[in-house]
Amino acid sequence: MKGHLYCSVPVFQSFSFSLSPTDINECETLLEACKGEMKCFNHYGGYLCLPRSASVIPAPDPPSQPGTNLESTAREPFNPCPLGYEPQGDSCVDVNECERDEHDCQPSQQCINIPGAFICQCPEGYRKIGTECIDIDECRYRYCQHRCVNVPGSFSCQCEPGFQLAGNNRSCIDVNECDMGAPCQQRCYNTYGTFLCRCDLGYELGPDGFACNDIDECSYSSYLCQFQCVNEPGKFSCQCPEGYQLLGTRLCQDINECETGEHQCTEGQTCVNIYGASQCVDTNRCQSPYVQVSDNRCVCPVTKPACRDLPFSIVQRYMSITSERSVPSDIFQIQATSVYPGAYNTFRIRSGDHDGDFYIRQINNISAMLVLARAVTGPQEYTLDLEMVSVNPLLSYQTSSALRLSVYVGPYAF
């Protein structure tokens with residue numbers, strides 16, 4: 001039976017022919033009569049050291065010999081019960097070897113009494129091999145979902161990073177690092193076993209995978225803004241130069257100071273809007289020998305000798321163009337306001353085009369187009385006298401009129 005050793009021992013018989021000597025129980029009188037795990041058994045005239053699980057069955061009394069005076073000697077009481085039991089009245093009762101300390105269990109083992117015997121039980125986490133308790137390696141049986149750590153008499157389960165032990169101490173469940181203070185600077189997304197950091201629009205994830213660094217959008221392209229790009233945390237903005245305002249988020253539009261009232265023109269002046277600013281011009285710009293006959297129109301009377309070689313009339317006009325305009329570019333159309341029968345009209349630039357930046361392209365007998373011939377940059381101002389010469393060969397008549405065009409070139413290409 002497990003945990004119990006049965007030994008078959010010889011039956012010792014004790015005989016004595018003395019009339020009165022009494023046996024000494026060495027098991028009671030000698031200190032540590034038996035060493036170690038051995039048990040002391042007294043018999044007549046001596047004692048035996050046997051394993052604790054051994055039992056001694058006393059022999060019956062020997063027959064009397066004729067002619068002798070024989071007395072019975074002291075001996076172990078006769079036990080009529082099975083091994084592991086002892087008589088009690090007319091019945092046999094189990095002997096509790098564990099309570100009597102009549103067992104051979106190791107100190108680490110627990111003695112458990114059973115009918116007629118006992119067993120030596122190992123602690124939980126151990127198994128008995130022979131008389132020894134050997135640790136059970138529970139990790140061999142794959143009790144843990146991730147990692148198993150065997151310890152004497154037990155084991156523990158551990159989880160991979162990003163997981164934690166479930167209530168059964170064996171399974172592993174995902175840890176929501178985002179709810180546990182993940183080091184993401186802006187946005188955290190939990191995934192199975194780990195987490196991801198993401199950044200808001202206008203930022204990019206740093207090398208450490210946690211921090212968010214501002215994206216300098218202005219450094220990526222020079223075409224994000226029409227004038228100037230200004231980087232800001234997580235975004236960028238466009239700015240326009242003085243005299244302009246944002247159109248939408250990226251383009252710049254000229255501010256018409258003449259309409260908004262943001263000009264310094266006096267009562268005798270006219271406000272002329274140009275790209276990026278405004279210009280104040282005198283309402284009467286007629287110069288002698290010309291006289292003003294209406295707004296922006298001057299006439300040179302034929303009665304004045306000085307008017308002989310001059311255009312009969314001059315009309316004042318103003319316009320503004322952007323810098324670096326593509327060329328050739330049509331910028332202003334000249335149109336005759338009165339036509340005489342039989343007259344032939346020609347158009348020319350009378351003055352103001354010193355560098356040949358412009359030319360005239362005649363469309364028909366009554367109109368022509370002023371063309372920008374070369375790209376110009378501002379800010380600068382041209383004053384061009386555009387003349388229409390009318391010739392009537394039948395009447396031998398020739399006259400001319402001029403359009404004085406002030407062209408303001410803005411400082412930017414918008």
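Surface first. The protein chain exposes about 26,000 Å². Carbon and sulfur atoms supply 51% of that area. Keep in mind that this is a predicted model.

Now burial. The chain has 414 residues, and 31% of them count as buried. The cut-off there is under 20% relative accessible area.

Contacts next. Take the contacts between residues at least 6 apart in sequence. Of these, 37% join residues at least 24 apart.

Secondary structure. How many helices and strands does the protein chain have? Two helices and 31 strands.

On to annotation. UniProt, in an unreviewed entry, places the feature "domain: EGF-like" at three spans: residues 94-134, 135-173 and 214-253. Let me take two of them. Residues 135-173 are 0% helix and 41% strand. The end C-alpha atoms of that span lie 29 Å apart. Residues 214-253 are 0% helix and 45% strand. Here, too, the end C-alpha atoms are 29 Å apart.

Now the sheets. I have two to show.

Start with the six-stranded one. It is an open sheet, and the pairing is mixed. The strand order is β23-β24-β25-β31-β30-β27. Which strands stand at the edges? β23, residues 291-294, and β27, residues 344-351. Each has a single partner strand, so one side of each is left without a neighbour in the sheet. As for twist, neighbouring strands of this sheet are turned by 30° against each other on average, direction ignored.

Look inside that sheet, at β25 and β31. β25 covers residues 313-321, and β31 covers residues 397-409. These two strands run parallel, and eight bridges join them. For a specific pair to find on screen, go to V315: its bridge partner in β31 is L403.

Second sheet. Three strands, open again, in the order β26-β29-β28. The pairing in this one is antiparallel. β26, residues 329-335, and β28, residues 358-362, are the edge strands. Why is one side of each left without a neighbour in the sheet? Because each has a single partner strand. Neighbouring strands here are turned by 25° against each other on average, direction ignored.

Zoom in on β28 and β29. β29 runs over residues 367-372. The two strands pair in the antiparallel sense over five bridges. One pair to check: Q362, whose bridge partner in β29 is A368.

To recap the two sheets. Six strands with mixed pairing in one. Three strands with antiparallel pairing in the other.

Conventions:
Residues numbered from 1 in each chain as written. Predicted model: local features only at pLDDT ≥ 70, side-chain atom pairs only at ≥ 80, totals over all residues. Heavy atoms only, no water. UniProt positions renumbered as here; feature names shortened; annotations may be inferred. Helix = DSSP H or I, 4+ residues; strand = E, 2+ residues; numbered from the N terminus. Pairing = 2+ DSSP bridges. Axes fitted to C-alpha atoms, helices over the stretch in contact; angles between N-to-C directions. Buried < 20%, exposed > 50% of the residue type's maximum accessible area, 1.4 Å probe, protein only. Contact = heavy atoms within 4.5 Å. Areas by Shrake-Rupley, 256 points an atom, 1.4 Å probe, with all protein chains shown as cover.
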